[in-house]
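Student: Could we go through the side-chain packing of this protein together? I would like to know how each label is earned.
Tutor: Gladly, let's have a look.

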Amino acid sequence: MSIRFDPLNILSTPYLFFTGKGGVGKTSTACAAAVALADSGKRVLLVSTDPASNLQDVFGMELSNHPASIEGVPNLFAANLDPESAAEEYKAKVVAPYRGVLPDSVISTMEEQLSGACTVEIAAFDEFTTLLTDAHVKSQFDHILFDTAPTGHTLRLLQLPAAWSGFLDESTHGASCLGPLAGLEAKKTLYQQAVQTLSDDEQTTLILVTRLEHSPLMEAARASSELKSTGIENQILVINGLLSSCTEEDPVSKGFVKRQVRALEQMPTELLAMPMYHIPLAPFNVTGIKSLRDFFNPTPAAAENNASADIGSSIPPLGTLINDLDTDGIRVIFTMGKGGVGKSTIACAIAVGLAERGHRVHLSTTDPAAHLQHVFGETADRITLSRVDPKVELERYQNEVLSQNADSLDEEGLAFLEEDLRSPCTEEIAVFRAFANLVEHSKEEIVVIDTAPTGHTLLLLDATQVYHKEIARSSGLIPDSVQHLLPRLRDPKETSVVIVTLAEATPVYEASRLEKDLKRAGIPTNWWVINQSFAAAGTTDPILSGRGYAELEWIRMVNQVSDGHAAIIPWEPNEVAGYEQLKMLAESIPGQKD
């Protein structure tokens, strides 16, 4: 089928974007490619645009918005485009020329205008476009690699240059959260240059990273089509984690290979048409420089231990967690965690488990790349489904705000408001409003919400109070659902967060950061779920048991940080889908092996 991925022979353009569904190994692939290119003598800059970046976990060092040299790899530099830090720097850059020139009251107003949620997105985007268009930055490096957020967020990021260029072309009233002092004409040129760079095959390559599984392949196909429509045509597909042969006597190993074959047979046509490469499954966790250098050519001997792992019997299955939610009378349940850890499946299983215990349940998703319908299949009497669709919510919000202001504004005022509502930031506010309405449903039924990958969720949740201000600024009204939101989320008798993770370094580190952020926001976390565990599956395959053994330290860590409130789910040969399979997962009880 495909040939082995060799970055030295395949990656030639200055700008390289790694994207794909959460959990497919984008960060590992991007980091290993960066190390390989730097080891070959190229000067390389690796940049994460993920709000929940994992670069610091892989390299074992703190990173900031500014490139830092990576110890042990001459010629390699790395940076995280942290949205909050970028926003502070952006605000300081915009306001600085006016300090001492304009009255303090005007400076305060400018700072207030630049404290909104929109500024966070614009600031990160401003740094991203600068990297794409700055001739001085380009001259310092042979390659600039972007390790991006999971697909939904990345699609928005890569489409933004065109969105902002279009918005500024049409803008005539100086509206939008960029503010009147940000220099609109200069931005137009910058964004147009970014669009040209992204669509130039000699400048930019998009690397779609995937696993040989149905959902990641479908998401890669969707991303490919959407990004081609914005002019990014130079794309390749990299299949990460390929197990090329199985251990006949091991059902887990045979199931793994069969699952790959089924996925390959169902691969979307648009992916079959593009250059395709693969990376063998690594029998170890990818952290540290040595594992990155072994990543493209792993062998069973590279595993720390190939003996079958034993997790003991202290960690219960998912049924125990659902019993606990039922007993405590929880009304709002979130599944959160890194992309690709199985949040949607766990949310569906919890919904089915609670419905089977006699409750009416509303199951919804705020993930831009959601696939609830694929997991759930058919609905049931006690369960209703919904999805927060950004485009639908945007149109609904725009119509609502214009209707509310139709009688109080003159023609020019309405034109100004219409222009402001076309800003790309308005979509974030519209989605937030819909999210608040979802939580409001919990008065009538239990609400289970499958959230977007961590970074996007944090921007949504952690900025609740900021969105309060944005909504008041845009529409003048704060709906009851938004006013009730924070008190409801902070009430442990009403709300519970279930953190979902894999027993691997980066998902556990990211989940730990998520838990700390939630704690700071006063939102309780009750349970953790360790999903798709090879250690719990009892495999004897030398590659898979190597991965299982590497899981043990992360299983122990999760059990410790959750104070024993952790459930574990073994790796399954078949993707869990449909009501009956979800019911079996939800009804698993201690002592019962799935």
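Tutor: Let's start with a term: contact means heavy atoms within 4.5 Å. By that rule, Leu-76 touches residues including Ala-34, Leu-46, Phe-59 and Ile-70, leaving out those up to four places away in sequence. This is a predicted model, where local features need pLDDT of at least 70 and side-chain atom pairs 80 or more, while totals for chains, interfaces and linings use all residues. Residues are numbered from 1 along each chain, and side-chain values use heavy atoms, without hydrogens and water.

Student: Why is Phe-295 called buried?
Tutor: Buried means under 20% relative accessible area (exposed is over 50%, partly exposed in between; 1.4 Å probe, protein chains only). Phe-295 has 3%, so Phe-295 is buried. Phe-296, at 7%, also counts as buried.

Student: What makes Phe-295 and Phe-296 an edge-to-face pair?
Tutor: Rings of Phe, Tyr and Trp (its six-membered ring) pair if their centres lie within 6.5 Å; planes under 30 degrees apart are stacked, over 60 edge-to-face, the rest tilted. Here the centres are 5.4 Å apart and the planes meet at 65 degrees, so the pair is edge-to-face.

Student: And why are Phe-534 and Trp-571 called stacked?
Tutor: Their centres are 5.6 Å apart with 20 degrees between the planes, so this pair is stacked. Both residues are buried.

Student: Which residues form one aromatic cluster?
Tutor: Phe-5, Tyr-277, Phe-295 and Phe-296 do.
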